[in-house]
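Work through the following exercises with the sequence and the coordinates at hand. Each task is followed by a solution that goes step by step.

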Amino acid sequence: MLVDLELRLLHKDQKRKVNIELVASLGTFQEALLLCKSISMLEDTVIAERMGMTLEEFVAIWSGDGYFPMNKLIDYMKICENIIPLLWLALKCGYNLKALESEMEQELRLLQGEIDERQQELNALREDIFGGLIERLRAEGSKEADRVAQLIDEVKRELGK
């Protein structure tokens with residue numbers, strides 16, 4: 001599930017888009033990597049540093065003296081803010097990419113999670129307040145403790161609606 005989440009987030013992070021025909025016209029994966037880098041408008045030093053590589057290691061990839069570290073591909077696309085290499089791979093394999101969920105659906109899911117969390121906190125707080133009040137009234141020997149407990153139950157039912 002972590003991979004799905006990363007891909008969803010990566011798709012959402014794609015701030016720099018490119019024409020799909022241009023991506024399809026690229027002949028090699030290295031060309032897709034280079035276009036990804038070019039569109040980012042970032043200096044090689046910045047990308048290399050963010051990928052945890054030396055500039056020499058990074059430059060060697062493009063000169064043919066080194067290899068692109070495939071375990072850093074997702075990091076590379078996040079840094080460059082586009083998914084051109086992923087698009088290229090999908091197109092070359094005869095697939096078209098479609099987001100797993102729209103940006104609005106993702107935001108709605110995250111907001112619903114926050115709402116649920118706040119509701120649980122509110123319910124716990126209500127229980128602490130109301131339960132504590134009844135206990136205190138009973139400890140004080142109040143004759144009205146049972147009546148207050150009944151009123152609190154009615155309020156709980158109303159708040160639960």
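**Exercise 1.** In this predicted model, determine which helices the buried residues of α5 pack against.

*Solution.* Begin with the residues themselves: in helix α5, which spans residues 55-63, F58, A60, I61 and W62 are buried. Next, follow their contacts outward, and the partners turn out to be α3, α4 (44-51) and α6 (73-80). Finally, look just past the end of the helix, where α5 is followed by G64, a residue with a positive phi near 95 degrees.

**Exercise 2.** Describe how α3 and α5 are oriented to each other, and list the residues through which α3 and α5 meet.

*Solution.* The general approach is to describe two packed helices by the angle between their axes and the distance between the axes. For α3 and α5 the angle is about 130 degrees, and the axes lie 10 Å apart. Since an angle over 145 degrees would be needed for roughly antiparallel, α3 and α5 are therefore oblique to each other. On the α3 side the contact involves Q30, L33, L34 and K37, which meet F58, I61 and W62 in α5. Sorted by class, this contact of α3 with α5 holds five nonpolar, one polar and one charged residues.

**Exercise 3.** Carry out the analysis for α3 and α7, giving their angle, the handedness of their crossing and the classes of the residues in contact.

*Solution.* Helix α3 (residues 29-40) packs with helix α7 (residues 84-92) at an angle of about 150 degrees, and their axes are 8 Å apart. The two helices, α3 and α7, are therefore roughly antiparallel to each other, and their crossing is right-handed. From α3, the residues F29, A32, L33, L35, C36 and I39 meet I84, P85, W88 and L89 of α7. The residues of this contact divide into 10 nonpolar, no polar and no charged.

**Exercise 4.** Characterise the surroundings of A48, a residue of helix α4.

*Solution.* First consider accessibility: A48 has a relative accessible area of 1%, and because buried means under 20%, A48 is buried. Then set aside its neighbours within four places in sequence, which leaves A48 in contact with M53, T54, L55 and F58. Lastly, A48 and I79 are 31 residues apart in sequence, while their C-alpha atoms are 9.8 Å apart in space.

**Exercise 5.** Identify where the confidence in the protein chain is lowest and where it is highest.

*Solution.* The chain averages a pLDDT of 81, with 85% of the residues scoring at least 70. Confidence is lowest in helix α1 (residues 2-13), at a mean of 46, and highest in α4, at 96. Over residues 1-9 the pLDDT is below 50, and this stretch has nine contacts in the model beyond near neighbours in sequence. Where pLDDT is low, the predicted coordinates should not be read in detail.

Notes
Residues numbered from 1 in each chain as written. Predicted model: local features only at pLDDT ≥ 70, side-chain atom pairs only at ≥ 80, totals over all residues. Heavy atoms only, no water. Axes fitted to C-alpha atoms, helices over the stretch in contact; angles between N-to-C directions. Helix = DSSP H or I, 4+ residues; strand = E, 2+ residues; numbered from the N terminus. Parallel < 35°, antiparallel > 145°, perpendicular 65-115°, else oblique. Left-handed = near helix turned anticlockwise from the far one by under 90°. Contact = heavy atoms within 4.5 Å. Nonpolar A, V, L, I, M, F, W, Y, C, P; charged D, E, K, R; others polar. Buried < 20%, exposed > 50% of the residue type's maximum accessible area, 1.4 Å probe, protein only. pLDDT = per-residue confidence, 0-100.
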